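Please open the model in a viewer and keep the selection panel at hand. The tour proceeds by successive selections.

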Amino acid sequence: MKLPANLRINLQRVPMIVTVLLFVLMFGGGTFAYDLSAQVFLNLFIDNAFLMVTAIGMTFVILSGGIDLSVGSVIALTTMISAVLIEHHHWSPLVVIPLVLALGAAFGALMGAVIHYFRLQAFIVTLAGMFLARGLCYLLSIDTITISDPLYTLISQHRIELWGELFISWNVVIALVVIGAAVFIAHYTSFGRNVYAIGGNERSALLMGLPVARTRVLVYTLSGFCSALAGVIFTFYMLSGYGLHAQGMELDAIAAAVIGGTLLSGGAGYMVGTVFGVLILGLIQTLITFDGSLSAWWTKIAIGILLCVFCVLQRVIEHHASADKRGGGKPDKSRLAGDKGGVSRSSPAIVGKMAGKIVENPSAFIAPQSNQA
Amino acid sequence: MTKAFRLIEDARRHPLVWPLLTLVVIVLVNVFAHPGFGPQGFLHVGVREGHLFGALVDIANRAAPLMLVSLGMTLVIAVRGIDISVGAVVAISAAVAATLIGGTLVIENGAPVYVSKVPMALALLAAVGAAALCGMWNGALVAGLSMQPIIATLILMVAGRGVAQLLTDGQIITVYYPPFFFLGSGFLFGLPFSLYVVAFVLAVLLCLTRFTALQLFIQSVGINPVASRLAGLNARALTFWVYTFCGVCAGIAGLIISSNVKSADGNNAGLLLELDAILAVTLGGTSLAGGRYSLWGSVIGALIIQTLTYTIYSIGVPPEVNLVVKAIVVFAVCLMQSSAFRVMVFRRGSLTGAEV
């Protein structure tokens with residue numbers, strides 16, 4: 001029995017919906033158990049603004065079918081460069097901030113170019129980028145540099161009053177702007193559609209004449225920019241530069257994207273999902289702190305379990321989706337397309353699935369693709 | 001004349017030439033920095049307390065855990081996988097061993113005797129068993145659920161550290177049981193005992209891969225998993241056991257590390273080891289695209305990394321530079337492996353076999 005198309009929930013959205021529901025349930029449960037206030041909800045944004053910005057950049061990279069492991073160290077490098085220039089060389093923050101943002105973007109662009117033009121695995125190139133950025137931090141200084149610049153302290157300590165006793169920080173405003181921009185870029189620009197297309201199937205994107213090279217380099221540039229911006233936010237948050245800042249942040253960002261329902265093989269996912277992924281990570285931390293009886297390492301275990309559940313959920317959905325396409329619907333067209341796809345290097349079943357989708361619905365080439373291709 | 005030329009040409013094409021050359025270059029740098037065979041020289045190998053000692057022995061001993069992990073990682077990468085949880089598995093294995101052994105000082109007939117909580121053999125088995133379980137978990141996710149390797153192992157990488165801290169209750173557990181220290185800092189016939197462990201694992205692996213069809217199977221699955229499956233190979237089972245083996249290797253490495261520092265630290269044991277292992281495997285000439293691998297190459301790769309670390313410390317460059325140097329090495333090795341790069345720079349080679 002099948003519901004009409006407009007009533008059926010898009011399978012790709014299921015992980016995101018589960019995430020949102022999970023967040024609401026967890027927050028509801030937390031409110032019930034520990035009497036959380038509305039400010040706790042806002043604190044989730046205040047304390048995780050940098051992670052949100054990083055995770056948004058990471059989501060773009062994962063959507064395009066890549067991965068960026070250098071984000072954590074780019075954040076550290078940003079805090080370090082800002083601190084050194086402001087404290088040791090007395091540059092104005094108004095010069096330093098655009099400079100570090102440009103540096104982050106350039107760093108990302110460089111990695112993207114290496115990945116695309118030399119056909120290297122994103123994983124290993126960004127791993128080298130991670131070493132490089134972290135090492136550069138230590139070359140600048142191995143100590144913490146505290147920032148006492150008036151503008152930084154002002155932004156850091158200023159509270160934007162909302163109604164009642166509630167407040168947010170400027171970091172939250174930046175993060176919200178980034179989220180808005182990301183949603184716009186992902187869903188309302190040709191660049192966003194290209195990212196989804198490349199992640200769905202790079203070869204068909206290329207054959208359709210999409211600018212694969214430009215898009216791929218831009219995606220890593222965007223991620224580098226987001227990391228640098230997260231670094232600026234992190235500098236506001238910590239008021240210091242340190243080479244060990246944001247260690248392991250790349251994993252948090254990947255986890256947030258996965259929990260938010262972004263398909264790791266690329267091509268499917270939503271920015272809003274990532275935002276909720278970050279909120280869930282933050283909430284786990286908050287609940288464990290509120291509880292008091294649970295030790296800090298339960299955070300890691302909880303995140304691990306959550307990651308696992310969502311990864312399995314993704315696999316089940318992918319499996320279900322491909323079975324759905326092969327079993328029901330229009331078998332003739334699928335089979336026909338599958339025969340044509342047999343010459344491709346991907347496995348016939350996958351090509352059949354992909355091609356079948358394109359035949360049925362020209363816009364569906366962004367559908368998830370199994371990772372074995 | 002042509003014979004000699006062909007010999008050189010053959011040698012140039014041998015997969016181990018580049019790793020060996022790299023190692024020789026780094027060793028030469030050290031030799032120039034500290035020349036001679038005297039006590040200050042890099043090549044000095046003396047005898048102290050009945051065993052060999054010197055910079056070379058020290059490097060080999062310290063590289064032992066990395067070599068073990070790299071061996072496991074080599075096979076995982078050969079079947080197109082990656083295992084970034086090895087650091088966490090090292091921490092888990094160390095935590096299990098340290099918690100089970102513990103060790104207390106008991107005065108027996110006037111002589112101090114160290115007693116372990118459970119027999120050491122049992123504790124070691126339990127530690128390696130726990131590591132094997134971790135490997136099986138990874139294997140089940142990758143082979144059973146066809147999850148992307150980097151993400152499947154990411155789960156254990158995040159959660160594993162938590163589990164290790166759970167086992168040690170967030171403390172650094174110190175071991176007071178001298179027999180356990182033999183594993184990481186003992187000597188047998190004048191050489192560090194850990195080297196024998198590495199040699200044993202390497203020998204087992206070489207026998208298994210050379211004298212059975214295992215090597216062929218691994219390469220086949222690495223080059224084309226779907227074709228291997230269609231050819232009747234049980235690719236899933238193979239992948240599963242390769243990950244399990246990688247876990248076991250990491251477990252043994254964890255034992256050596258914790259025995260060397262006489263304690264287990266859930267937070268820091270084996271930190272960033274996965275990256276060093278991947279680097280070692282890449283340096284050894286194993287293709288990250290799967291299929292082509294070299295066990296000896298990975299051993300040499302591990303030695304390169306350890307010698308590099310030693311060099312950076314010994315020639316007085318700040319140790320922080322280590323990361324930058326590693327980054328440059330990774331970039332260089334990757335670029336050399338990239339056929340697109342070779343075409344662009346050397347104008348030779350072809351793009352037909354390019355890995356995407």
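The stops below cover one chain as a whole, then the contact between chains, then a pair of helices. Please bear in mind throughout that this is a predicted model.

**First stop: chain A.** Select chain A and colour it by secondary structure: 15 helices and four strands appear. Chain A comprises 373 residues, of which 52% count as buried. Among the contacts in chain A with a separation of 6 or more, 76% join residues 24 or more positions apart.

**Second stop: the contact between chains A and B.** Now display both chains and select the residues in contact across them: 41 belong to chain A and 36 to chain B. Restrict the view to the side of chain B that touches chain A. Helix 6 (149–168), helix 10 (225–230), helix 14 (321–337) and helix 15 (339–346) of chain B each provide at least two residues of that side. Which of the helices of chain B gives the most to this side? Helix 6 of chain B does, with eleven residues. Coloured by class, the side of chain B that touches chain A shows 26 nonpolar, six polar and four charged residues.

**Third stop: two helices of chain B.** Select residues 86–101 of chain B, which form helix 4, together with residues 273–283 of chain B, which form helix 12. Their axes lie 7 Å apart and the packing angle is about 125°; helix 4 of chain B is therefore oblique to helix 12 of chain B. To see the contact, show Val86(B), Gly87(B) and Val90(B) on helix 4 of chain B, and Leu273(B), Glu274(B) and Ala277(B) on helix 12 of chain B. By class, this contact of helix 4 with helix 12 of chain B contains four nonpolar residues, one polar and one charged.

How values were computed
Residues numbered from 1 in each chain as written. Chains lettered and ligands numbered in written order. Predicted model: local features only at pLDDT ≥ 70, side-chain atom pairs only at ≥ 80, totals over all residues. Axes fitted to C-alpha atoms, helices over the stretch in contact; angles between N-to-C directions. Parallel < 35°, antiparallel > 145°, perpendicular 65-115°, else oblique. Contact = placed C-beta atoms within 7 Å. Nonpolar A, V, L, I, M, F, W, Y, C, P; charged D, E, K, R; others polar. Buried ≥ 20, exposed ≤ 12 C-beta atoms within 10 Å, placed from the backbone.
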